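Biologist: Please take one part of this model and go through it closely. I would like a plain account that a first-year student can follow.

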Amino acid sequence: MFGVALKTPVTNLCSSFPFFSINPNPILPYRSAPKPLSISAATAPPHLQTPIPAAPLTPAQFRVDILSESLPFIQKFRGKTIVVKYGGAAMKSPSLQASVINDLVLLSCVGLRPILVHGGGPEINHWLSRLNIQAVFRDGLRVTDAETMEIVSMVLVGKVNKTLVSLINKAGATAVGLSGMDGRLLTARPSPKAADLGFVGEVARVDPTILRPLIDNNHIPVITSVAADELGQPYNINADTVAGELAAALGAEKLILLTDVAGILEDKDDPKSLVKEIDIKGVKKMVEDGKVGGGMIPKVNCCVRSLAQGVITASIIDGRVPHSLLLEVLTDEGAGTMITG
């Protein structure tokens, strides 16, 4: 080089400096494998007869690379509201819980406006058992008499909600815990099956006024699915339903339901038959054909209803997959089934 003899062979220099590699085309990205120089094998020095491979990415370079590839998705969703319903295995497993919390905080940090909606069935069952109150279910729905409703309110509003708020705050964001009763966020009405189910309700009305200043100030609302009717009687409401109605009232970009399944399957017995994307018409046909059944039907109906009210996309994703929330929002691959309007 410029008439100066190098005592150290070029190959040793390359191994000493991970950012350095012989690349005849400097326009190629760093990770592109360099092409061999156009020197005949007979005349080439020994160290140039074999192409030198590109240096492997360091962990820091890999993280930066992944972040840069997320840029288009961050730009797409920056400033947009997404409503996440949290439950199932992701709520019971400490590692998955940490994954969801960190995902929410990251999305908030890059400019999205996440809202977390939660239930807490296993925790309710645990406390009913400790108080020697038997949990009763009919058609998969909890029978909620006055005594059970009192426990539901105590557990969801007083324990589960505040635990999630604390975890989000600890992770570096600012969360605010609410129930449907706060600020008249949700007004409930009895379920048509109230005679059999007791104080199980539906969403009669949503008033998101209390949420808007929180969202505008980059707080993460954490909302539990308990609300009162016009007379102040509390009701237990399905958390999927609450998430869907809130998403519609806020004009959310996305509704995301975390579940314990991969998503909507073309064949219920084949986990590999995941439907990645489908529209309302297509998913309704799957329900009619019996391809969607059981506990998935209420989730699909919730998504369809929110889409019909203006939500752009609704996704049913696998909460058992670590960082499934980031996979769904910041990649093309997704983590379940996305339903479009």
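Modeller: In this predicted model, strand S14 (residues 336-340) is mostly covered, with 5 of its 5 residues buried. Strand S14 pairs with two other strands. One partner is strand S12 (residues 277-279), which runs parallel to S14 and is joined to it by 3 bridges. Within this pairing, Glu277 has Met338 of S14 as its bridge partner. The other partner is strand S13 (residues 313-318), which is antiparallel to S14 and shares 5 bridges with it. Here Gly336 in S14 is the bridge partner of Ile317.

The nonpolar cores come next. In soluble globular proteins, nonpolar side chains tend to be buried together. The largest nonpolar core in this model has 43 residues, and those that touch the most other members are Val84, Tyr86, Leu107, Leu116, Leu164, Ile168 and Val329. Helix H7 (residues 146-170) gives this core its largest share, 9 residues. Leu107 can serve as an example: leaving out residues up to four places away in sequence, Leu107 touches Ile82, Leu112, Leu325, Leu326, Val329 and Leu330. Another core lies apart from the largest one and has 40 residues, including Leu178, Ala252, Leu257 and Val300.

Leu257 leads to a further residue, Asp240, since the contacts of Asp240 beyond four places in sequence are Lys85, Leu257, Lys299 and Cys302. Asp240 belongs to helix H10 (residues 239-250). Its relative accessible area is 7%, and buried means under 20%, so Asp240 counts as buried.

Methods:
Residues are numbered from 1 along each chain as its sequence is written. This is a predicted model: local features need pLDDT of at least 70, side-chain atom pairs count only at pLDDT 80 or more; totals for chains, interfaces and linings use all residues. Side-chain values use heavy atoms; hydrogens and water are left out. Helices (H or I, at least four residues) and strands (E, at least two) are DSSP runs, numbered from the N terminus. Buried means under 20% relative accessible area, exposed over 50%, partly exposed in between (1.4 Å probe, protein chains only). Contact means heavy atoms within 4.5 Å. Two strands pair if DSSP finds at least two bridges between them. A nonpolar core is a set of buried Ala, Val, Leu, Ile, Met, Phe, Trp, Tyr and Cys residues joined through side-chain atoms within 4.5 Å.
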